[in-house]
Amino acid sequence: MRLVTLTSKRLDQAIELVRKSFPKDNAAPLHLVESVEKITEYRDKYWVAIDKNRVVGICGIWQPRRSKIAWISWFAVTPKYRKLGVGGRLIKKLQAQARSWKINTLRVWTTDEYKIATDWYQRMGFDIIHRDGENMVLNKTTKGKIPPINMTDMY
Ligand SMILES: CC(C)(COP(=O)(O)OP(=O)(O)OC[C@H]1O[C@@H](n2cnc3c(N)ncnc32)[C@H](O)[C@@H]1OP(=O)(O)O)[C@@H](O)C(=O)NCCC(=O)NCCS
């Protein structure tokens, strides 16, 4: 299994994985396309995990303009490949990218629907810092104080 930057070569398979993993969220495929075409107004990057020439995992990171935090986006491992350490390798990539952007705080929006992911992020050192109904923000700050929740940073 290897991790590679998402490019147009793997785009179709990556879109298939996010469609299956987040069936209610139409934004996922669009974000991947915009990232690969480099037309986003913010800084972002995606990686895919490849095994036997198939995409088996995906994760992304994006940084709102002028923000000191970065957000995780569209993180998923194909069901057959879960609990094998793929997610762990992907999150290390995100954390390394955040460090190289000189960002100490990584956040992710999730919902109660993704209970496994909520538990998983907490195991990876994230804490729930905000709740809005079934939605929540998990945070991991590696240096300094946890930055306040700021609406302009959220979307
Ligand atoms: C969350 C997700 C990405 C985790 O990926 P993964 O490849 O299974 O994770 P890993 O194999 O790297 O797991 C790392 C650790 O978490 C543990 N773990 C994995 N799945 C777990 C689960 N369902 N419950 C409890 N622990 C779990 C592993 O045992 C491992 O622990 P260890 O290092 O102490 O052995 C994956 O379950 C997934 O794609 N879920 C559906 C999509 C989703 O919810 N995405 C996030 C939405 S915001």
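On the other side of α1, are Asp 12 and Lys 20 buried or exposed? Keep that question in mind as you explore this predicted model.

**Stop 1: the whole chain.** Start by showing everything as a cartoon. You should find five helices and seven strands in the protein chain. Try following the chain from its start: the elements come in the pattern β-α-α-β-β-β-α-β-α-β-β-α.

**Stop 2: the overall size.** Zoom out and turn the model around. The C-alpha atoms fill a box of roughly 40 × 30 × 30 Å along the principal axes. The radius of gyration is 15 Å, which agrees with the value near 15 Å for a compact globule of 155 residues.

**Stop 3: inside and across.** Colour the residues by burial if your viewer allows. Of the 155 residues, 30% count as buried. Next, look at contacts between residues at least 6 apart in sequence: 55% of them join residues at least 24 apart.

**Stop 4: helix α1.** Select residues 11-21, which form helix α1, and show the side chains of its buried residues: Ala 14, Leu 17 and Val 18. These cover an arc of only 95 degrees around the axis, so they sit on the same side of α1.

**Stop 5: what covers α1.** Add the elements that cover the buried residues of α1, including α2 (27-36), β2 (43-51), β3 (54-63) and β4 (69-77).

**Stop 6: the other side.** Now rotate α1 and select Asp 12 and Lys 20. Here is the answer to the opening question: on the other side of α1, both residues are exposed.

Conventions:
Residues are numbered from 1 along each chain as its sequence is written. This is a predicted model: local features need pLDDT of at least 70, side-chain atom pairs count only at pLDDT 80 or more; totals for chains, interfaces and linings use all residues. Helices (H or I, at least four residues) and strands (E, at least two) are DSSP runs, numbered from the N terminus. The radius of gyration is taken over C-alpha atoms; the globule rule is 2.2 Å times the number of residues to the power 0.38. A residue is buried if 20 or more other C-beta atoms lie within 10 Å of its own, exposed if 12 or fewer, and partly exposed in between; C-beta atoms are placed from the backbone. Two residues are in contact if their C-beta atoms, placed from the backbone, lie within 7 Å. The arc is that of the directions from the helix axis to the C-beta atoms.
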